[in-house]
Amino acid sequence: MSGPLVGVLALQGDVREHLRALERVGARARLVRRPAELAACDGLVLPGGESTTMVHLARRFAMLEPLREAVRDGLPTFGTCAGMVLLADRLLDGTAGQETVGGLDVTVRRNAFGRQVDSFEGEVDVPVLGGSGFAAVFIRAPWVEDAGADVEVLGRVEAGGASRIVAVRQGAVLATSFHPEVAPRGRTGGEGPDDRLHRLFVDELVTTDVKGNR
């Protein structure tokens, strides 16, 4: 396979599902646990999981500062659910002193949709994907409470009597409140999972960045 090399942060969370999705859209996928592994990547996925645990392990494995530096230096990065929390510059309802990687000029409310028992699947209109809505899986999901002027809002859902931001992009950083790595095909037709967000990330952010830096 000759596609770009995209790492998945493999400290905790739903790593394997992202590896499979990346490979389906033509990337070479690898686990990332060490700074040297991160340095070799053309792009990075921060998966869902438990954000506080992920930050704790990132610091323990001397990964937190390399992650911050990589995102700051423009490494294309895709955060899902807890990954969105990690990428937020500001948090609401986090634990005391909770750290993030940062890189997105957003305020994210942690566990905004409720506890594990409140998990749900809902259709999200993501116009940049074209076609039908995205059948999104929300598991203890955050939402974006506030987004800066340079942040492009890609998707919203109705919750708590308001339109909540659940997908954003800022430069080379993409983030969703939901778990696209486990999204069913929905109304897009055919068999298998819906890989449109992973394809968007690889084709429009990672591959474009690789070509632009050659």
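A residue counts as buried when its relative accessible area is under 20%. With that in hand, here are some close-up views of this predicted model.

**Figure 1. Phe134 and Phe178 form a tilted aromatic pair.** With a relative accessibility of 1%, Phe134 falls in the buried class. Its partner Phe178 is buried too, at 0% relative accessible area. The ring centres of Phe134 and Phe178 are 5.6 Å apart, and the planes make an angle of 35°. Phe134 belongs to strand E8, while Phe178 sits in the loop between strand E12 (173-176) and helix H6 (196-212), so this contact ties together parts of the chain that are 44 residues apart in sequence.

**Figure 2. Phe113 meets Phe138 in a structure that holds five aromatic pairs.** Here the planes stand at 50° and the centres lie 5.2 Å apart, so the Phe113–Phe138 pair is tilted. Distant parts of the chain are linked: Phe113 comes from the loop between strand E6 (104-109) and strand E7 (120-124), Phe138 from strand E8 (residues 134-138), and the two are 25 residues apart. Both Phe113 and Phe138 are buried. Stepping back a little, ring pairs join Phe113, Phe134, Phe138, Trp143 and Phe178 into a cluster.

**Figure 3. Glu50 forms salt bridges with Arg110 and with Arg140.** Let us begin with Arg110. The N to O distance between the side chains of Glu50 and Arg110 is 2.9 Å. Glu50 lies in the loop between strand E3 (43-46) and helix H3 (51-60), and Arg110 in the loop between E6 and E7, so the bridge ties together parts that are 60 residues apart in sequence. Glu50 and Arg110 are both buried. Now for the other bridge, in which the side chains of Arg140 and Glu50 meet at 3.5 Å, N to O. Arg140 is placed in the loop between E8 and strand E9 (143-147) and Glu50 in the loop between E3 and H3, so this pair brings together parts 90 residues apart in sequence. Arg140 is partly exposed, having a relative accessible area of 33%, whereas Glu50 has 15% and is buried.

**Figure 4. Glu99 and Arg59 are joined by a salt bridge.** This is one of the ten salt bridges that a search of the whole structure finds. The side chains of Glu99 and Arg59 come to 2.8 Å, N to O. Distant parts of the chain meet here: Glu99 is in the loop between strand E5 (88-92) and E6, and Arg59 in helix H3, 40 residues apart. Glu99 is partly exposed, with 28% relative accessible area, and Arg59 is also partly exposed, at 45% relative accessibility. In a wider frame, salt bridges link Arg59, Glu65, Arg68 and Glu99 in a network.

**Figure 5. The largest pocket holds about 180 Å³ of space.** Which residues are the closest to the centre of the largest pocket? They are Gly49, Glu50, Cys81, Ile139 and Arg140, out of 13 residues that line this pocket. Two of these names are familiar from Figure 3, where Glu50 and Arg140 share a salt bridge. By class, the lining divides into five nonpolar residues, five polar ones and three charged ones.

Note on methods:
Residues numbered from 1 in each chain as written. Predicted model: local features only at pLDDT ≥ 70, side-chain atom pairs only at ≥ 80, totals over all residues. Heavy atoms only, no water. Phe/Tyr/Trp six-rings, centres within 6.5 Å; stacked < 30°, edge-to-face > 60°. Helix = DSSP H or I, 4+ residues; strand = E, 2+ residues; numbered from the N terminus. Buried < 20%, exposed > 50% of the residue type's maximum accessible area, 1.4 Å probe, protein only. Salt bridge = Lys/Arg side-chain N within 4 Å of Asp/Glu carboxyl O. 1 Å grid on protein atoms, 1.4 Å probe; cavity = no way out; pocket = protein on both sides within 12 Å on 5 of 7 lines; lining within 4 Å. Points joined across faces, edges and corners; volume = space filled by probe spheres on them. Nonpolar A, V, L, I, M, F, W, Y, C, P; charged D, E, K, R; others polar.
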